[in-house]
Amino acid sequence: MNLAPYACDPALSRGRRFPEAAAPTRSDFQRDRDRIVHSTAFRRLVYKTQVFLNHEGDLFRTRLTHSLEVAQLGRSIARALHINEDLVEAIALAHDLGHTPFGHAGQDALNNCLKAHNPQSAGFEHNLQSLRVVDSLEERYPEYNGLNLTFETREGILKHCSRRNALRIEAREPGGVAHRFLPPAEAAGSLRLQPSLEAQLANLADEIAYNAHDIDDGVRSGLLQLEQLEEVELFSCYRRETSLAHPLLRGRRLLFETIRRMLSAQVYDVIDATTRVIARRGAANVDAVRQGPPLICFSADMATQSAALKQFLLKNLYRHPKVSETTESAKQVVRELFAAYMADPLQMPQAHTDRFDGVDMTHSAGVRPERVVADYIAGMTDRFASKEHGRLVGRAAFPA
Ligand code: MG
């Protein structure tokens with residue numbers, strides 16, 4: 001790998017929480033990626049909702065295929081920018097590990113359950129939960145809980161964090177992954193510290209991936225029409241370009257070729273815009289990257305177009321009455337599961353109730369029951385959550 005001076009070099013990693021000897025043939029970031037791929041939480045992504053519930057169709061994206069697409073886009077761009085592909089891939093594959101079943105609906109419901117149960121609760125946030133999964137919930141290794149990933153991968157996973165949660169993390173890990181969310185008082189008004197370029201890239205690749213695949217899934221589901229998409233400049237300009245090059249193309253192939261061109265244009269745009277910004281501002285090393293403004297970016301024009309596409313999807317797909325309908329049922333499933341386990345914790349497997357009194361590595365005291373219940377529910381796939389709900393509540397949440 002031909003790394004630029006501003007790339008993360010595994011030899012200069014800030015290391016793992018529990019020191020380990022280097023692997024003979026793999027870099028520390030490759031090893032992080034491999035640990036993520038072998039984790040239980042990663043396998044569960046295959047049955048977790050992205051936008052469409054898992055039972056609605058076999059061809060829609062799930063969190064797993066979404067994460068693979070993010071990793072692919074991230075690697076392509078990383079290679080062109082001479083930053084660390086392995087690190088981008090590790091972050092991309094782990095970024096959604098903390099998602100609840102049923103997508104954002106599940107997260108919102110779980111957050112409300114925790115806050116209603118205890119107003120002092122930190123609530124539920126999938127980003128923080130992804131970090132919890134890799135830091136403490138995976139139980140695979142003899143010496144520690146979690147996957148013991150490097151600082152750089154963990155930093156990338158914690159994409160955002162409330163001040164309150166950042167203070168909690170900072171208390172047990174001073175100067176660690178949450179530090180950049182706590183600017184010193186005297187620095188008020190100054191820029192918040194940035195994560196590595198690899199983390200910035202995984203974040204933007206996430207956005208590029210879902211904007212594109214949600215068009216595909218939206219059309220496949222029948223909730224979006226090709227004609228409607230004409231109002232989105234980013235789509236319509238490549239639709240026209242495709243039709244000029246292939247006048248007879250119709251239907252799915254027209255859609256795929258348009259999305260392919262749109263994706264390529266965004267990838268090249270990020271590479272060009274970022275290269276220009278780095279040349280202008282300079283970025284001598286990773287520390288300089290962390291101290292400066294964000295560097296991974298679209299050009300101004302592409303940023304506007306991408307935001308317009310996002311708005312279109314929000315209005316026409318994510319808030320489509322058909323999607324909202326399943327969202328309400330999904331929230332109810334999560335609420336009723338939470339209530340059922342809180343009322344009778346022994347309905348959970350013993351490995352989970354054992355944690356009530358145990359000391360997990362992200363907590364100094366025993367884990368509160370509502371957090372154990374939230375961790376258990378968050379780990380469920382869509383179909384397991386539906387099945388458990390049926391068992392505990394005695395009625396089907398979704399029409400067959
Ligand atoms: Mg994502």
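Colleague: How are the donor residues of the magnesium ion spaced in sequence?

Modeller: In this predicted model, the donor residues follow the spacing H-x28-H-D-x109-D.

Colleague: What makes H66, H95, D96 and D206 the residues that coordinate the magnesium ion?

Modeller: Coordination is assigned by distance, and the atoms concerned, NE2 of H66, NE2 of H95, OD of D96 and OD of D206, lie at 2.1 to 2.7 Å from the magnesium ion. The cut-off for a donor N, O or S atom is 2.8 Å, and because water is not among the atoms, a site may look incomplete. With distances of 2.1 to 2.7 Å, these residues are therefore counted as donors.

Colleague: Why can the pair H66 and D96 be said to tie parts of the chain together?

Modeller: H66 belongs to helix α3, residues 63–81, while D96 sits in the loop between α4 (85–94) and α5 (103–117), so the pair joins parts that are 30 residues apart in sequence. Both H66 and D96 are buried.

Colleague: What makes phi of F102 worth a remark, and where does F102 lie?

Modeller: Most residues other than glycine have a negative phi. Phi of F102 is near 65°, a positive value in a residue that is not glycine, and F102 lies in the loop between α4 and α5. N148 also has a positive phi, of about 50°, although N148 is not a glycine, and N148 is found in the loop between α6 (126–137) and α7 (151–157).

Colleague: How do you know whether F102 and N148 are buried or exposed?

Modeller: The relative accessible area of F102 is 3%, and that of N148 is 4%. Buried means under 20%, so F102 is called buried, and N148 is likewise called buried.

Colleague: How does the accessibility of D217 classify that residue, and where is D217 placed?

Modeller: D217 is in helix α9, residues 197–221, and because its relative accessibility is 2%, D217 counts as buried. From D135, D217 is 82 residues away in sequence and 33 Å away in space, taken from C-alpha to C-alpha.

Colleague: How many disulfides does the structure hold, and how do you know that C161 and C297 are in none?

Modeller: The structure holds 0 disulfides. For C161, the nearest cysteine sulfur is that of C8, 19 Å away, whereas a disulfide requires sulfur atoms within 2.5 Å. The sulfur of C297 is 18 Å from the closest cysteine sulfur, which is in C8, and this is too far for a bond. C161 counts as buried at 13% relative accessibility.

Colleague: Which residues touch the most other members of the largest nonpolar core?

Modeller: Among its 78 residues, I36, I83, L97, L158 and I215 touch the most other members. Helix α11, residues 251–281, gives this core its largest share, 10 residues. Leaving aside residues up to four places away in sequence, I36 touches F42, A90, L93, A94, L97, L147, L149 and T153. Another core, of 25 residues, lies apart from the largest one, and F102, M348, V367 and Y376 are among its members.

Colleague: How do you know that the span of helix α14 agrees with expectation?

Modeller: Helix α14, residues 321–343, has 23 residues and at 1.5 Å a residue should span 33 Å; the C-alpha atoms at its ends are 33 Å apart, so the values agree. Buried residues in α14 include V323, T326, S329, A330 and V333, and what covers the buried residues of α14 includes α5, α13 (300–318), α16 (369–379) and α17 (382–393).

Key
Residues numbered from 1 in each chain as written. Predicted model: local features only at pLDDT ≥ 70, side-chain atom pairs only at ≥ 80, totals over all residues. Heavy atoms only, no water. Donors = N, O, S within 2.8 Å, 3.2 Å for Na, K, Ca; no water. Helix = DSSP H or I, 4+ residues; strand = E, 2+ residues; numbered from the N terminus. Buried < 20%, exposed > 50% of the residue type's maximum accessible area, 1.4 Å probe, protein only. Core = buried A, V, L, I, M, F, W, Y, C linked by side-chain atoms within 4.5 Å. Contact = heavy atoms within 4.5 Å. Expected span 1.5 Å × (residues − 1).
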